[in-house]
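Let us take a friendly walk through a protein model together. Have the sequence and the 3D view ready, and look up each residue as we come to it.

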Amino acid sequence: MTEIAHPIDLNLPAKLRDKDYRQQFFLAEASARIAEQIIALRKRRNLNQKQLAERTDTKQPAISRVEQADYQNWSFSSLRKIVAALDARIRVIIEASEDVLPEYEDQAEFDFSDAPLENAVQGASPNLTLLLNSLTSNWNTQSWLGSIFPFEGRPDLSVQLAEKDAEIARLKAENKALRSSMTISTLQDYQIVSRLGVAPQQAQSGLVAEALVE
Amino acid sequence: MAHEVLQWPSSVYPGEANDECPEAIAVLDNLLLNFRRSGPSPSVYKVKTLGHKFGGLWQINFKIKKRQVRVLYAPYGQTIVLFRIHKKGSPQEQKRAYALALQRKREYEFEKKKVELASNDGNRTSH
């Protein structure tokens, strides 16, 4: 189909160099993620907003507000109340901006939704590679990917995949558990999983892709 | 499935968004990433479909620094097209924003149809 609308360049890497912008961006991102997780868990517990409100001694509109991406007035005690009512744990990760900025550069540089699949798969996070690899214990990354696209004429790709396989073998040798489920948290992983047609229902941001390995 | 987020015309983002609500850019960027990941109806935003009267426009409102920002858009399969981003003002301003978004939506659909028809004609003559 012919598309005539204009693309949108978010230009995240350049914008994130500005400290004020990145503080706002990270806050907006965190707020959206908190809301997303509360909604997902509330639904998993088969609760509606009113029922959750009753369990937290508050009113339904308050729950509705905290389930919005633009709610930024979080207090730790109110979050703790909601999380306790949902029988869950809070895990806080504070990361230095210089450690996380490369994630956004990756997202901005490549739009994996249209990239050739072999390029897209190269952008998979190690967790996704491990997850996909654990679909069956007999598969390794090379054979799994080999079933999707041919390696002929791409020795560079073969080397990279061999390195990934070596890493997986090392983890296995060290008896480190291979994760059999993961949270789809990066755009690349989401797009890869979507394009492979694997459990697209589950492959939404923030949801655990457990169905992939069942 | 991942969605593609586009604009019509090319001045909507960042142009008009920067002019009207520069303080909302970081939140808007997050919203656009959410569109790409989750499609036109991300669960954590107040999404409203405006119905036939507004030509099938969709809207998202969010608050930033006590002001409401409104995004008017429409989904077309796996594509989401933004038509207008503005700070919510008086009822008259809101009316103007809806009218502009609707006019842009119609213009986009008309131009798209034209291109598709031209391309179909081209295919037919080549057979």
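B:Lys65 is a good place to begin: this residue is exposed, with a relative accessible area of 60%. Keep in mind as you look that the model is predicted. You will find B:Lys65 in the loop that links β3 (58-64) to β4 (67-76) of chain B. Its backbone deserves a look too, since phi of B:Lys65 is near 50°, a positive value in a residue other than glycine. Why point this out? Most residues other than glycine have a negative phi.

Chain A has a residue with a similar story. A:Asp87 is not a glycine, yet it has a positive phi of about 50°. This residue sits in the loop between α5 and α6 of chain A. Is A:Asp87 buried or exposed? A:Asp87 counts as exposed, because its relative accessibility is 60% and the cut-off for exposed is over 50%.

**Two cis peptide bonds**

Now turn to the peptide bonds of chain B. As a general rule, most peptide bonds are trans. Here are two that are cis:

| Cis peptide bond | Omega |
|---|---|
| B:Trp8 and B:Pro9 | about -5° |
| B:Tyr13 and B:Pro14 | about 5° |

Where do these prolines lie? B:Pro9 belongs to the loop between β1 (4-7) and α1 (12-20) of chain B. B:Pro14, in turn, is found in helix α1 of chain B.

**The two chains as a whole**

Let us step back for a moment. Chain A contains eleven helices and one strand. Starting at the N terminus, its elements follow the order β-α-α-α-α-α-α-α-α-α-α-α. Chain A has 214 residues, and 38% of them count as buried.

Chain B has three helices and five strands. Along the sequence, its pattern reads β-α-α-β-β-β-β-α. Of the 127 residues in chain B, 49% count as buried.

**A helix with two faces**

Next, find helix α5 (residues 76-85) of chain A, where A:Leu79, A:Ile82, A:Val83 and A:Ala85 are buried. How are these buried residues arranged around the helix? Looking down the axis of α5(A), they fall within an arc of 160°, so they line one face of the helix. On the face of α5(A) turned away from that buried side, you will meet the exposed residues A:Arg80 and A:Ala84. Try turning the helix in your viewer until you look along its axis.

**Charged patches on the surface**

Finally, look at the outside of the model. Which residues form a positive surface patch? They are A:Arg65, B:Lys46, B:Lys63 and B:Lys66, so this patch draws on both chain A and chain B. A:Arg65 is part of helix α4 (residues 60-66) of chain A. With a relative accessible area of 48%, A:Arg65 is partly exposed. That value can join a patch because the cut-off there is over 30% relative accessible area.

There is a negative surface patch as well, formed by A:Glu95, A:Glu98, A:Asp99 and A:Glu103. One of its members, A:Glu103, lies in helix α6 (residues 97-109) of chain A. A:Glu103 is also partly exposed, at a relative accessible area of 43%.

Note on methods. Residues numbered from 1 in each chain as written. Chains lettered and ligands numbered in written order. Predicted model: local features only at pLDDT ≥ 70, side-chain atom pairs only at ≥ 80, totals over all residues. Heavy atoms only, no water. Patch = residues over 30% accessible without salt bridge, like charges linked within 9 Å, V, L, I, M, F, W, Y side chains within 5 Å. Areas by Shrake-Rupley, 256 points an atom, 1.4 Å probe, with all protein chains shown as cover. Salt bridge = Lys/Arg side-chain N within 4 Å of Asp/Glu carboxyl O. Lys, Arg positive; Asp, Glu negative; His and termini not counted. Charge placed at Lys NZ, Arg CZ, Asp CG, Glu CD. Helix = DSSP H or I, 4+ residues; strand = E, 2+ residues; numbered from the N terminus. Buried < 20%, exposed > 50% of the residue type's maximum accessible area, 1.4 Å probe, protein only. Arc of directions from axis to C-beta.
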